[in-house]
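Here's a quick look at how a ligand sits in its protein. Have the model open while you read.

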Amino acid sequence: MKLLHIDSSITGSDSISRRLSRDIVARQRAIHPDLQVEYLDLAAQAPQPLSLNALGFRAPAQDDSLTEAQRLENEVSEALVSQLLETDIVVIGAPMYNFTIPAQLKSWLDRVAQAGRTFKYTESGPVGLLSDKTVILALSRGGIYSANPDMEHQESYLKSIFGFMGVSDIRAVRAEGLNMGPEHRERGLAQAQADIQALMAA
Ligand SMILES: Cc1cc2nc3c(=O)[nH]c(=O)nc-3n(C[C@H](O)[C@H](O)[C@H](O)COP(=O)(O)O)c2cc1C
C-alpha cells in the first residue's frame, strides 16, 4: 500500500497543518506496517505555476516538435501525475491563506488535473478516474467559517476538485480559530485531535 504525504504550509516547524499531517501519517503507518510513504514538501519545492510551456498535457504535440522548456515542464507534470496515480492514500497538510489553499498546492493540483489521467470527458459530462483513492485533509485556519461559509474556499475547494477527480472517500481534520486567542486556539487544536481519533476509528 502506498501513501503520498503532501505539506504546503510556509511556516516550517511552527506549522499546525504539518503537525496534523505528520500525526495522520504516523497513525496510518501503525495501521499498515507495509505502507510505503512518499513525501512532497511543496513549500520547499513546488512545480511552477502553469505556463504556455507547461500546457503540453492539455494539447499533446509530437515529441520532436517540443522545445526543451516544454519537454522539461511535461516531465514535471508526468512525474507528479504518475506518483498520484500509483498512490492509495493521499494526506495533505493545507493551511488557509486568503480564504483558500496556498499557491504551491494549487500549482500541484494544476499539474495533476489531467484529462485522460485523473478525469475524462464523456458525452454525459466529466468523470473522475481516482475512485480507488482515499484523501485525508489536514486543515488549519486562523478563523472559524461555520457562520460564514461563503468565505471558505479551502476545504470546500479541495473537496470539490478531488471529488471532480473521482475521489469519494475524502476525510477532513480541522484546526480552526487558531488566530482568535488562546481559548479558541486550544479548542481548535483539541477538535483536530478529536477529528484524528474519529478518523482512525472509522
Ligand atoms: C499569508 C497568510 C494568509 C492567511 N489567510 C487566512 C485567511 O484568509 N483566513 C484564515 O482564517 N486564516 C488565515 N491565515 C492564518 C492561517 O490559516 C493559520 O495561521 C494557520 O495556522 C496556518 O497554517 P500552518 O500553521 O500550517 O502554517 C493566514 C496566514 C497567512 C500566513
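## Polar contacts

Let's start with the backbone: an N or O atom of the Ile16 main chain is 2.8 Å from a ligand oxygen. That falls under polar contacts, meaning pairs of N or O atoms within 3.5 Å. Side chains join in too, with a polar atom of Ser15 at 2.6 Å from an oxygen of the ligand and an N or O atom of the Thr11 side chain at 2.5 Å from a ligand oxygen. On its own the ligand has 630 Å² of accessible area (Shrake-Rupley, 1.4 Å probe), and the protein covers 76% of that.

A word on the basis: this is a predicted model, where local features need pLDDT of at least 70 and side-chain atom pairs pLDDT 80 or more, while totals for chains, interfaces and linings use all residues. Numbering runs from 1 along each chain as its sequence is written, and side-chain values use heavy atoms, without hydrogens or water.

## The shell

Which residues are closest to the ligand? Ser9, Thr11, Ser15, Ser17 and Met96 are, out of 17 that surround the ligand (a heavy atom within 4 Å). The shell splits into 7 nonpolar, 9 polar and 1 charged, with Gly counted as polar.

Note on methods:
Polar contact = N/O pair within 3.5 Å; in protein donor to acceptor, adjacent residues only side chain to side chain.
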